[in-house]
Structure formats: structure tokens, C-alpha cells
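Work through the following exercises with the sequence and the coordinates open. Each task is followed by a solution in steps.

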Amino acid sequence: MSENNHAGHGRSGRGYYIALILCAVAVGITSYVYSRYTAEEEILLQKENVIPVGTMAPREDIPVIATQAPEQKNESRETEQTEPATVPKQKRKICSPVSGQEIFGYSMEALSYNQTTRDWRVHNGVDLAAEEGAPVCASCDGTVYTTYQDDSMGYTVVIRHDGGYTTRYSSLTEDLAVSAGDPVQAGQTIGYAGTTALVETAMGSHVHFSVTCQDKPMDPMEFLSLSE
Ligand SMILES: [Zn+2]
């Protein structure tokens, strides 16, 4: 009887140690897999946001996405989201980046349906029709702040202007005509229209043109209307 008890105690003792070792192995594997996963995820994120080192482009082009149709405008939500940019009514030489018509409008206060991604999102610029390879020009005198490429908006040039304005030209071809630091004049070719904005491929070849004033989005058509 006592032997049996002793033997039983020995078995459960071994079982306890085996269980302890298994737990330790499981914890080890879990932490290895987790650290590996987060490292891979970080690399993926870095790939998706390819911005040259040393330049911090304001990323207001990242769209807000909704899977539902937009509801009626809510006054309090509107004031929370984006205050309209203060626009100094200062006339200057401004031209449209391309001669093509607007094919998709600016819409920051209401969600609009994106035919490429098939969801509802804000649109921080205007889409201007332009044949593949058509020259795209700087809309105003300024300095190239940065150029970059990302999966959503494709090859992009960002130009800063006097008065706190920044213009951004996306969906360009890889063959950009300027680089960071270049001074540019209104009408100067900075790149060529393409189809590199993957969230807007349904639009065909075009330029996604967006403007900020003091880092707040503004309707590019309002900016173009400031032309002297
Ligand atoms: Zn667009």
C-alpha cells in the first residue's frame, strides 16, 4: 500500500516536471513568434511608407475609410474634424498642374465613394484627367520639399510656397523631374501623369492634386482661384 502510494507520488512528480518544462517551452515559442511577427510587421509598415530619411512629409493624404454610406453631416463632428484653412487673399501666379478637367472633386467634410477601393472615404484633393506621360507642372513658385512613393498615392512631389501653402502632386510616373530642395517656378514640369496611385486606379491616368494652407487641407480649386 505504502509502496503503491510512493510509486504514485513519483509518477505525479515526474508529470509535474514534464508539465513545467512544456510550459517553459510554450512560453519561449510564443515570445519568439510574437517578436518575429512584430519585427516583420514593422518592416512591412516601413515598406508601405517609403519616405526619404531626413524628410518628414505631412501625411494628410492618408484617407479616412468607411465601409458604410455617409450619414448626414453632423455639426459638432464637422467642427472637430477639420477647421477650414484660413486663406490669405493674396494674389499670385498660379496655374493648374495639367490642362485636363476635374474628374473627382475635393471632399473633406463628406465621405465620397471610391470606385477603386469600393468604400467611402474623404478625398483631400482633386483628380485631374491627364494622359499617361503628360507633363505635370508646379502650380506656383516654390521649393520642392520632398518626393516619395507609396502604395496608396504612388509617386508624389510636394512643393512648399510662400504664405504657408503646400501643394502635392500624386499618381505620377516613376520618372520625376525634380528632387527635394529644387526651386521651381509656376508652370515648370515636375513629373508626368500616371496610374501609380493604387487607391485610385479606377480613375485611369490622372493627377491627384492636393493643397494645404498652414498644414490644413483646402480645396485646390480655391487655391487655383487665387491666381492673379
Ligand atoms: Zn484623388
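A residue counts as buried if 20 or more other C-beta atoms lie within 10 Å of its own, and as exposed if 12 or fewer do. The model used here is predicted.

**Exercise 1.** Determine whether S171 and D215 are buried or exposed, and describe their backbone.

Solution.
- Step 1. S171 has 29 other C-beta atoms within 10 Å, so S171 is buried.
- Step 2. D215 has 10 other C-beta atoms within 10 Å, and therefore D215 is exposed.
- Step 3. Most residues other than glycine have a negative phi.
- Step 4. S171, not a glycine, has a positive phi of about 70°. D215, not a glycine either, has a positive phi of about 65°.
- Step 5. S171 lies in strand 10, residues 165-172. D215 lies in the loop between strand 13 (206-213) and strand 14 (216-218).

**Exercise 2.** State which strands pair with strand 13, and in which sense.

Solution.
- Step 1. Strand 6, residues 125-129, is joined to strand 13 by 5 bridges, and the two run antiparallel. In this pairing A129 is opposite H206 of strand 13.
- Step 2. Strand 10 pairs with strand 13 over 6 bridges, in the antiparallel sense. Here Y169 has F209 in strand 13 as its bridge partner.
- Step 3. Strand 14 is joined to strand 13 by 3 bridges, again antiparallel. C213 has K216 in strand 14 as its bridge partner.
- Step 4. Strand 13 and strand 14 form a hairpin with 2 residues between them. Q214, in the turn, has a positive phi of about 50°.

**Exercise 3.** Explain why strand 13 can be called largely enclosed by the rest of the structure.

Solution.
- Step 1. Count the buried residues of strand 13: 7 of the 8 are buried.
- Step 2. Strand 13 is therefore largely enclosed by the rest of the structure.
- Step 3. For the chain, buried residues make up 29% of the 228 residues.

**Exercise 4.** Find which residues of the largest nonpolar core touch the most other members, and which strands supply the core.

Solution.
- Step 1. The largest nonpolar core has 32 residues, and V136, A193 and V207 touch the most other members.
- Step 2. The strands that each supply at least two residues of this core include strand 4 (107-114), strand 7 (135-137), strand 8 (142-150), strand 12 (189-192) and strand 13.
- Step 3. Strand 9 gives the most to this core, with 4 residues.
- Step 4. Leaving out residues up to four places away in sequence, A193 touches V136 and V207, among others. Its further contacts include V98, A130, L172 and H206.

**Exercise 5.** Give the overall make-up of the chain, and locate stretches where pLDDT stays under 50.

Solution.
- Step 1. The secondary structure comes to 3 helices and 14 strands.
- Step 2. Take the contacts between residues at least 6 apart in sequence: 70% of them join residues at least 24 apart.
- Step 3. The average pLDDT of the chain is 78, and 61% of the residues score at least 70.
- Step 4. Over residues 37-60 pLDDT stays under 50, and the model has 20 contacts beyond four places in sequence for this stretch.
- Step 5. Over residues 73-81 pLDDT also stays under 50, with 4 contacts beyond four places in sequence.

How values were computed. Residues numbered from 1 in each chain as written. Predicted model: local features only at pLDDT ≥ 70, side-chain atom pairs only at ≥ 80, totals over all residues. Contact = placed C-beta atoms within 7 Å. Pairing = 2+ DSSP bridges. Core = buried A, V, L, I, M, F, W, Y, C linked by C-beta atoms within 7 Å. pLDDT = per-residue confidence, 0-100.
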